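Subject: Structure handover

Hi,

Here is the structure I promised to pass on to you. Please open it alongside this message, and then read on for what turned up in it.

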Amino acid sequence: MSFLTGELVAFFIFALLIIGGAIFMISFTKVVHMVVSLAFAFLSLGGLYVLLEAEFVAFVQILIYAGAVSILMIFGIMLTKHEESDEEPPWTAHETLSAIGCVALFGVLFFAIQSADLPNGAAFDPGADNTRAIGEIIFTERVLPFELVSVLLTVAFIGAIVLARREEGQ
């Protein structure tokens, strides 16, 4: 019995990519770089959903979060004024204690998970074609709420553009 499988390796690669994107998102000082690293984390999360055989959720994750939300954030950044400072704030004692606390919490959780005796669950049956079933429900029984959400998102996007233009004129 081999412990190291391709699925496990892919999981750890995607997990490291997600963690790396999140760390870069909070570490960068330029807002555009933050959005790009957040989109990278979203894309990696979509890959993790594919590993879980949740193709529809992976598609929605990539389409909505990595695509639409990231593009919307970039538009918002480009349409508004923001001050950029090249100064990096000094490392404070509070940040040092926070980092030590995070590492300690990671160690405790890692030890707890490794030493836990978890029962084996039943085999997971993902179903025949869950993406088709979700699509049929959305476009037959729930078509009105689906269309109302799309109109609401369009109105919110136009409102954000109008507000950004007003701030620019003042």
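Below are my notes, going from the whole chain down to a few residues.

One thing to keep in mind from the start: this is a predicted model.

**The chain as a whole**

The protein chain has six helices and zero strands, and its pattern along the sequence reads α-α-α-α-α-α. Of its 170 residues, 11% are buried. The accessible surface amounts to about 13700 Å², and carbon and sulfur atoms account for 72% of that area. As for contacts, if you take those between residues at least 6 apart in sequence, 61% of them link residues at least 24 apart.

**Two buried residues in α2**

Two residues of helix α2 may be worth a look, starting with Ala 41. Ala 41 has a relative accessible area of 9%, so it counts as buried, given that buried means under 20%. Leaving aside residues up to four places away in sequence, Ala 41 is in touch with Ile 18, Gly 21 and Ala 22. If you like to check distances, try Ala 41 and Ile 19: the two are 22 residues apart in sequence, and their C-alpha atoms are 7.4 Å apart in space.

Ser 44 is also placed in helix α2. Is Ser 44 buried or exposed? With a relative accessibility of 4%, Ser 44 is buried, because the cut-off for that class is under 20%. Its contacts, again without residues up to four places away in sequence, are Phe 14, Leu 17 and Ile 18. Ile 18 therefore appears in the contact lists of both Ala 41 and Ser 44.

**Glu 53 and a negative patch**

Now to the loop between α2 (31-51) and α3 (55-79), which is where you will find Glu 53. What is the phi of Glu 53? The angle is positive, at about 60°, even though Glu 53 is not a glycine. For context, most residues other than glycine have a negative phi.

Glu 53 has a relative accessible area of 42%, which means that it is partly exposed, as this class lies between the 20% limit for buried and the 50% limit for exposed. Glu 53 also takes part in a negative surface patch, together with Glu 7, Glu 55 and Asp 129.

That is what I have for now. Happy to talk it through whenever suits you.

Best wishes

Methods:
Residues numbered from 1 in each chain as written. Predicted model: local features only at pLDDT ≥ 70, side-chain atom pairs only at ≥ 80, totals over all residues. Heavy atoms only, no water. Patch = residues over 30% accessible without salt bridge, like charges linked within 9 Å, V, L, I, M, F, W, Y side chains within 5 Å. Areas by Shrake-Rupley, 256 points an atom, 1.4 Å probe, with all protein chains shown as cover. Salt bridge = Lys/Arg side-chain N within 4 Å of Asp/Glu carboxyl O. Lys, Arg positive; Asp, Glu negative; His and termini not counted. Charge placed at Lys NZ, Arg CZ, Asp CG, Glu CD. Helix = DSSP H or I, 4+ residues; strand = E, 2+ residues; numbered from the N terminus. Buried < 20%, exposed > 50% of the residue type's maximum accessible area, 1.4 Å probe, protein only. Contact = heavy atoms within 4.5 Å.
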